[in-house]
Amino acid sequence: MITRSDRFSWRSCVLFSFALVCVMLLCICAGSVSIPLADTLTALWNTLWGLEVPQGISKNIILNVRLPRVLNVALVGAALSLCGAAMQGLLRNPLADGSTLGVSSGAALGAVAALALGVKLPGIPDGGVMLTAMASAFLSLVLILSLAYVLDRSLSTHSIILIGVIFSMFASSVINLIISFAQEHIKSITFWTMGSLSGTGFSHTRILAAALLACGVIILRYGRELNAFAIGEDNARHIGVNVKKVKLIILITVSVLIGICVSIAGSIGFVGLVMPHMTRMLTGPNHKRLLPTALFSGAIFLLLADLAARTLLSPVELSIGVVTSLVGAVAFIIIFCQTRKAR
Amino acid sequence: MSKKTVSLFLALLMMFSMTAALAEAITVTDMFGREVTLAEPATRIVAMEPGDCEILCALGCEEALVARGLYCDYPASVLELPAVASGGDTNLEELLALEPQVIVMNDMAHTKEQVELLAQNGVQVITTNADSIAEVYENIRLLGAVMGKNAEAEAIIADMQATFDGIAARSEATDKTIYFEVMPLEWGLWSAGTGTFMHELAEICGMQNAFADIEGWQPISQEQVIERNPDYIVLVTGMGETAVDEVKDRAGWGDMEAVKSNKIYNADSYQMTRPAPRLKEAALELYDFLNDIAE
């Protein structure tokens, strides 16, 4: 048995970073178009040190198409996984996740409504859509939790998930309705239900990175409080946690992060649900270790899923949500059975 | 005359009158392979799909239309007709209330069950389908027969064929490639492969379809478009005036032959994708674009 320290050690940080960089390199080297490894590495190396990159197809594909996509996929995967882990801890609910709680659908609904109504923020492209998606994600979360609270004071696992699923279905049909009535060109329903990162660029990378940095720091700092929540809200209160404040901050942060992810990548299911579970098998339930590890594992998982979506049927592309749902559902059933057996 | 002779005579008379009636009746086989018999050319008809609506109007049968499918919008005069939901949202009650003799449906957009149900309720249903120009001709012939406009149908087909032949005769076969974009990057790129009108139009113009290795409409990888480096880009996305600039601004597309030489054409997406006589205009416009002929 490995002795588990209380914190996320430097050693594991280096280990996971190394794994992430390896997977990212793999994802940049492999793709629909096969490019010689040497060309790929030269293009990357020269860009990294600001050297002249030889012109050609490989430069365009590697630096303008694959690199931003790989970075965006890693950031979205990390963000979704972190959000899932935080919500599972906060609500003491192993099934909590953006997609099961209806937050993703809420965000998608906000984004679609903003697109249909032409909501715009001066200065920031897509700012209006993102802001509306965040607000809508938060409102959906509040709505779902208060409904669950009214129905069942103990906020039990089943009632929250049930309401979340019902809300997701409701939001999906409203999205469908808006898309069929809107005069504007709105991305198809598959984007909002399955997600896709094809065609995203460095402008999205900047936004995602900024959001993940800001929200990630906030969530990671609440590791200790989330540990207290895991034992029970009363327990948290007894050891001096400002329950209301922590809850509100985490819920807002999660909504912001999911809102941004959904408006850029659509709703990608199962990442936030499955990855924290898999991570927990590795790190144990301590949030101080779980949360940072979930960041890395989510990124790695989504990178591999996107690699499969890009390459399996080349030159045809799959929806990333198809891959995550396929792998995620199977993985989830296996985990579920194993934890049952262990009990 | 004996009783036997009289009955024989009567039987012969009946047979004769029946064949006379049958000669007037119209029997067609539609694209589902169903045989449909009409006593006379239809005078009350509903067209569910835009392509069929365009064919019927080209045949000079606009008067006979009592309603149109929601997406039928050409010629503009059909917009005045009442619109009915089509495809997955087809409303049988709404259709039956219009009391049409014939409903023209598409076998892709409508299920066999929907067609059978309507047929059982006394409305004749004709299904059409076309993935190739030859099949568009078949549709035109089919609808021409239903409307009693066989000569007009043949005239439209001859005109289309003459146009395509003319373009093919003027075009030299080259290795140059055209990339057809049917969905923009923002939504995930889609292109058109074999079994589409776009593929056929490229062939008529002597060009190669850059995505001839896919079948029908498929989501494709952006990397593949960059690597295949098409000589021409034809946008069939219906995204409006800014579509060409959006393509030029895409990261990584700047070195593409079509972008460097500014050979990007924002085509009329309906004209190029609908199984209708306007494919002729689509071919002419594509030819003009490929050969730098200003409109």
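**Figure 1. Two buried partners, B:Arg274 and B:Glu54.** B:Arg274 and B:Glu54 are both buried in this predicted model. Their side chains meet in a salt bridge, with 2.7 Å from N to O. This pair ties together distant parts of the chain: B:Arg274 sits in the loop between α11 (269-273) and α12 (279-290) of chain B, while B:Glu54 belongs to helix α2 (residues 50-58), 220 residues apart.

**Figure 2. A salt bridge between two helices of chain B.** Here B:Asp159 pairs up with B:Lys280, and the closest N and O atoms are 2.8 Å apart. Again the link joins distant parts of the chain: B:Asp159 is in helix α6 (residues 150-170) and B:Lys280 in helix α12 of chain B, 121 residues apart. Which of these categories fits B:Lys280, buried or exposed? B:Lys280 is buried, because its relative accessible area is 17% and the cut-off for buried is under 20%. B:Asp159, at 37% relative accessibility, counts as partly exposed.

**Figure 3. Where chain B meets chain A.** On this interface, 22 residues of chain B are in contact with 21 residues of chain A. The area buried between the two chains is about 1,900 Å², and carbon and sulfur atoms give 58% of that. How many salt bridges cross the interface of chain B and chain A? The rule finds two. Take B:Glu223 and A:Arg66: they form a salt bridge whose closest N and O atoms are 2.5 Å apart.

**Figure 4. B:Gly206 in its loop.** Look for B:Gly206 in the loop between α7 (197-204) and β10 (208-209) of chain B. With a relative accessible area of 11%, B:Gly206 is buried. Who are its neighbours? Leaving out residues up to four places away in sequence, B:Gly206 touches B:Ser171, B:Glu172, B:Ala173 and B:Thr174. For a sense of scale, B:Gly206 and B:Met147 are 59 residues apart in sequence and 36 Å apart in space, going from C-alpha to C-alpha.

**Figure 5. Helix α12 of chain A, from end to end.** Helix α12 of chain A covers residues 243-265. At 1.5 Å a residue, its 23 residues should span 33 Å, and the end C-alpha atoms are 32 Å apart, which agrees. Why can we call α12(A) largely enclosed by the rest of the structure? Because 17 of its 23 residues are buried. Just after the helix comes A:Gly266, with a positive phi near 75 degrees. A bit further on you meet A:Phe270, in the loop between α12 and α13 (271-283) of chain A. A:Phe270 has a phi near 75 degrees, a positive value in a residue other than glycine. At 23% relative accessibility, A:Phe270 counts as partly exposed.

**Figure 6. A salt bridge within one helix of chain A.** A:Asp234 and A:Arg237 form a salt bridge, the closest N and O atoms being 3.0 Å apart. Both residues lie in helix α11 (residues 233-238) of chain A, three residues apart, which is about one turn of the helix. A:Arg237 is partly exposed, with a relative accessible area of 45%.

**Figure 7. A nonpolar patch on the surface of chain A.** Four residues, A:Val21, A:Leu25, A:Leu37 and A:Leu41, make a nonpolar surface patch of about 330 Å². Two helices of chain A, α1 (10-29) and α2 (37-48), each supply at least two residues of this patch. A:Leu37, for one, is in helix α2.

**Figure 8. Unusual backbone spots in both chains.** Most residues other than glycine have a negative phi, and most peptide bonds are trans. In chain A, the peptide bond from A:Ser314 to A:Pro315 is cis, with omega near 5 degrees. A:Pro315 lies in the loop between α14 (287-311) and α15 (320-342) of chain A. In chain B, a cis peptide bond joins B:Tyr74 and B:Pro75, with omega about -10 degrees. B:Pro75 is in the loop between β4 (65-69) and β5 (83-84) of chain B. As for phi, A:Arg92 has a positive value near 50 degrees. You will find A:Arg92 in the loop between α3 (57-90) and α4 (98-101) of chain A, and at 47% relative accessibility A:Arg92 counts as partly exposed.

Conventions
Residues are numbered from 1 along each chain as its sequence is written. Chains are lettered from A and ligands numbered from 1 in the order in which they are written. This is a predicted model: local features need pLDDT of at least 70, side-chain atom pairs count only at pLDDT 80 or more; totals for chains, interfaces and linings use all residues. Side-chain values use heavy atoms; hydrogens and water are left out. Helices (H or I, at least four residues) and strands (E, at least two) are DSSP runs, numbered from the N terminus. The expected span of a helix is 1.5 Å times one less than its number of residues. Buried means under 20% relative accessible area, exposed over 50%, partly exposed in between (1.4 Å probe, protein chains only). Patches are made of residues with over 30% relative accessible area and no salt bridge: like charges are joined within 9 Å, nonpolar side chains (Val, Leu, Ile, Met, Phe, Trp, Tyr) within 5 Å. Accessible areas come from the Shrake-Rupley method with a 1.4 Å probe; for residues, only the protein chains shown count as cover. Contact means heavy atoms within 4.5 Å. Buried area is the accessible area (1.4 Å probe) that two parts lose on being put together, summed over both.
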